Amino acid sequence: MFWFLLIAMVVVVAAVTLAVIGGGDSEVLPEVAPEQLVDPLPEARPVDRDDVEALRLPVTVRGYRMADVDDVLGRLGAELAERDARIAELEAALAAGPGEPGPEPAGPSLRKDEGEGR
């Protein structure tokens, strides 16, 4: 009886060892493609509040993917800097007064008649 239990234990340990180290040609677990952020923020237009609220970053084992977070924060930082510059231009134009020439706006013109050939 003792020899039977000893041989059974050796067979079980050998089977578990072969299963763990991958005794066959097939992979134990197939490689899974990492979850990627497909379309974080729109490229064709400025980011708005709905875009930021709808943004969901993919989660990895230890948190969020650092590259995706860096991309989103870089884009939001650039757009905030652009908006701050535009606000500063408009405030300078407003402070200059209605009859005095202020700095030329950097963004698209807000006049309706421009571009219609008048």
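**View 1. Helix α3 from end to end in a predicted model.** Let's start with the ruler test for α3. Counting 1.5 Å a residue, its 31 residues should span 45 Å. The C-alpha atoms at the two ends are 45 Å apart, so the expected span and the model agree. The helix runs over residues 66-96. Look just past its end and you'll find Gly 97, which has a positive phi of about 100°.

**View 2. The buried residues of α3.** Which residues of this helix are buried? They are Asp 68, Val 72, Arg 75, Glu 79 and Ala 96. Take Glu 79 as an example: its relative accessibility is 13%, and buried means under 20%, so Glu 79 makes the cut.

**View 3. Zooming in on Glu 79 and what it touches.** Glu 79 sits in α3. Leaving aside residues up to four places away in sequence, Glu 79 touches Arg 45, Pro 46 and Val 47. Check out Val 47 here: its backbone nitrogen is 2.8 Å from a polar atom of the Glu 79 side chain.

**View 4. How confident is the predictor, and where?** Across the whole chain, the mean pLDDT comes out at 77, with 68% of residues at 70 or more. Confidence is highest in α3, with a mean of 91, and lowest in strand β1 (residues 59-60), with a mean of 78.

**View 5. The stretch from 109 to 118.** Over residues 109-118, pLDDT stays under 50. For this stretch, the model has three contacts beyond four places in sequence.

How values were computed
Residues are numbered from 1 along each chain as its sequence is written. This is a predicted model: local features need pLDDT of at least 70, side-chain atom pairs count only at pLDDT 80 or more; totals for chains, interfaces and linings use all residues. Side-chain values use heavy atoms; hydrogens and water are left out. Helices (H or I, at least four residues) and strands (E, at least two) are DSSP runs, numbered from the N terminus. Buried means under 20% relative accessible area, exposed over 50%, partly exposed in between (1.4 Å probe, protein chains only). A polar contact is a pair of N or O atoms within 3.5 Å; within protein, one must be able to donate a hydrogen and the other to accept it, and residues adjacent in sequence count only if both atoms are side-chain atoms. Contact means heavy atoms within 4.5 Å. The expected span of a helix is 1.5 Å times one less than its number of residues. pLDDT is the predictor's confidence in each residue, from 0 to 100.
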